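Dear colleague,

I am passing on the structure we spoke about, together with some notes on what turned up when I went through it. Please have the sequence and the model open beside you as you read.

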Amino acid sequence: MAGSCAPWIGSAYLFLQSTCKTIVLPSLYESSQKKPSVFKALTLALAEDFIRERREFKSCFIAGLVVDGSGSGLSVSYLDSDSAHFSLPDSTGSMNGAEILKVHCSHPHLIVQLKFLKQENCRRFLRSYREGALQESLQNHLQLSLATTTVSLETELKAGNEHLDKMLKDEDRCLECIYREKPDRLRDEEITELEECLKSLIVHESINNNVAVKDCASLNSPSLPRPSPDSSLSPQVTFIFQGQQFANRTLTPDDHQKFAKLVSKKWKQVGRSLQKNCRALRDPVIDNLALEYDREGLYEQAYQMLLRFIHSEGKKATIARLIAALEENSLISLAEELLGLHSNEDCS
């Protein structure tokens, strides 16, 4: 396996399927209203699993979990009868050494891509999975988050082409399979955005040493964060470009397509200019888009970047902000094209 000096890193996929016909997990996760609730259940189930193993609690339910978003990350801890808090590391899913990289929807399955950072943490995860503790925790938290009577799940764990459920008694073999499967992607920006939403919207209500966690269901887009601080300001009515005054307006589909067609390789620079006042484009979003849409080419990369900006900023995604970003990157010809100052000149 890994040498003594090499970091132990592996990857696996956790497949989840509800046995209840009225609960379709992929559809719930694709819903902007339900996605945060499902994400919260995944996060807290992993946290509960960690605490159960480390503190040897037989029953560590959501009422005893404290989710703290006051710091730089998401901290989850257990509140016992003596009011002692056992804090866990920040970052979604990393509280038991497993980082959630992405959640995939493949009907009828919800597939959670996990990255394991240490062998001992991966071993702990495997034991919890084998004993059914993780499955029970997921069912409990989904039941609470979705406000339903009961949730019954079927689970499956895979690493590459290996079906780990068939070899769970052979822990070392499972570890070897997971270790061979290195993560094939960076952490998805959607996971970071959902964590931010959960962190910023959770409300602590201390009642008899219990904490009620408020659902973060205010996202109005399936994969985009809250509006950026800049969004609270009203957009300017007019703006100046090259000494001329232009009426400001929300970006149109025609603007979107022209930008993607003409910006070429400089789409990343423009994105970094826009990210200064747009949370949806903060790092590592732009680099992830470049990797995810590499095969589709520059047009699709640029199109997806501006789509993030438009969906996140809404009516505040204006032509003035895009023109300012183009000017900052010396793309004057493209700015003129978007403003209708000429019609047939390309911009590279």
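I will start with a single residue, Ser 330, which sits in the loop that runs between H11 and helix H12 (332–338). Please keep in mind throughout that this is a predicted model. Ser 330 is not a glycine, yet its phi is positive, at about 60°, and the residue is exposed, with a relative accessible area of 58%. As background, most residues other than glycine have a negative phi, and most peptide bonds are trans.

A similar note applies to Ala 147, which is found in the loop between H4 and E7 and has a positive phi near 55°, again in a residue other than glycine. Ala 147 is exposed, with a relative accessible area of 70%.

Two peptide bonds also deserve your attention. The bond from His 107 to Pro 108 is cis, with omega near 5°, and Pro 108 belongs to the loop between E5 and E6. The bond that joins Asp 283 and Pro 284 is cis as well, with omega at about 5°, and Pro 284 is placed in the loop that links helix H8 (267–274) to helix H9 (285–292).

As for the overall picture, the protein has 12 helices and 12 strands, and buried residues make up 49% of its 348 residues. Among contacts in the protein with a separation of 6 or more, 66% are between residues 24 or more positions apart.

The sheet I looked at in detail is an open one of 5 strands, in the order E5-E6-E1-E7-E8, with antiparallel pairing. Strand E5 (98–106) and strand E8 (162–163) stand at its edges with a single partner strand each, so one side of each has no neighbour in the sheet. Further in, strand E1 (residues 10–18) and strand E6 (residues 109–116) make an antiparallel pair over 7 bridges, and in this pair Phe 15 stands opposite Ile 111 in E6. Helix H5 (residues 171–180) packs on the sheet, where it touches E1, E6, E7 and E8, and its direction makes about 105° with that of E1. Helix H4 (residues 133–145) lies across E1 and strand E7 (153–159), running at about 130° to E7.

Strand E7 also holds Lys 158, and here a question arises: what is the nearest side chain of opposite charge to this buried lysine? It is Glu 156, at 4.1 Å, and Lys 158 has no salt bridge; the cut-off for a salt bridge is a nitrogen-to-oxygen distance within 4 Å. Leaving out residues up to four places away in sequence, Lys 158 touches Ala 12, Tyr 13, Phe 15, His 163 and Leu 164.

Turning to the interior, the largest nonpolar core has 44 residues, and Leu 14, Phe 116 and Ile 178 are those that touch the most other members. Helix H2 (residues 35–55) supplies the largest share of this core, with 6 residues. A second, separate core of 35 residues includes Phe 246, Ala 280, Ile 323 and Leu 338. Returning to Leu 14, its contacts beyond four places in sequence include Leu 110, Val 112, Tyr 129, Leu 138 and Leu 157, and Glu 156 is also one of them.

Later in the chain, strand E11 (residues 238–241) shows an alternating pattern, in which Phe 239 and Phe 241 point to one face and are buried, whereas Thr 238 and Ile 240 point to the other and are not. E11 pairs with strand E12 (residues 244–247) in the antiparallel sense over 4 bridges, and Thr 238 stands opposite Ala 247 in E12. The two strands form a hairpin with 2 residues between them, and Gln 242 in the turn has a positive phi of about 55°.

Finally, Ala 325 lies in helix H11 (residues 319–328) and is buried, with a relative accessible area of 4%. Ala 325 and Gln 269 are 56 residues apart in sequence, while their C-alpha atoms are 8.6 Å apart in space. Setting aside residues up to four places away in sequence, Ala 325 touches Val 270, Ser 273 and Leu 274.

With best wishes

Key
Residues numbered from 1 in each chain as written. Predicted model: local features only at pLDDT ≥ 70, side-chain atom pairs only at ≥ 80, totals over all residues. Heavy atoms only, no water. Pairing = 2+ DSSP bridges. Contact = heavy atoms within 4.5 Å. Axes fitted to C-alpha atoms, helices over the stretch in contact; angles between N-to-C directions. Buried < 20%, exposed > 50% of the residue type's maximum accessible area, 1.4 Å probe, protein only. Lys, Arg positive; Asp, Glu negative; His and termini not counted. Core = buried A, V, L, I, M, F, W, Y, C linked by side-chain atoms within 4.5 Å.
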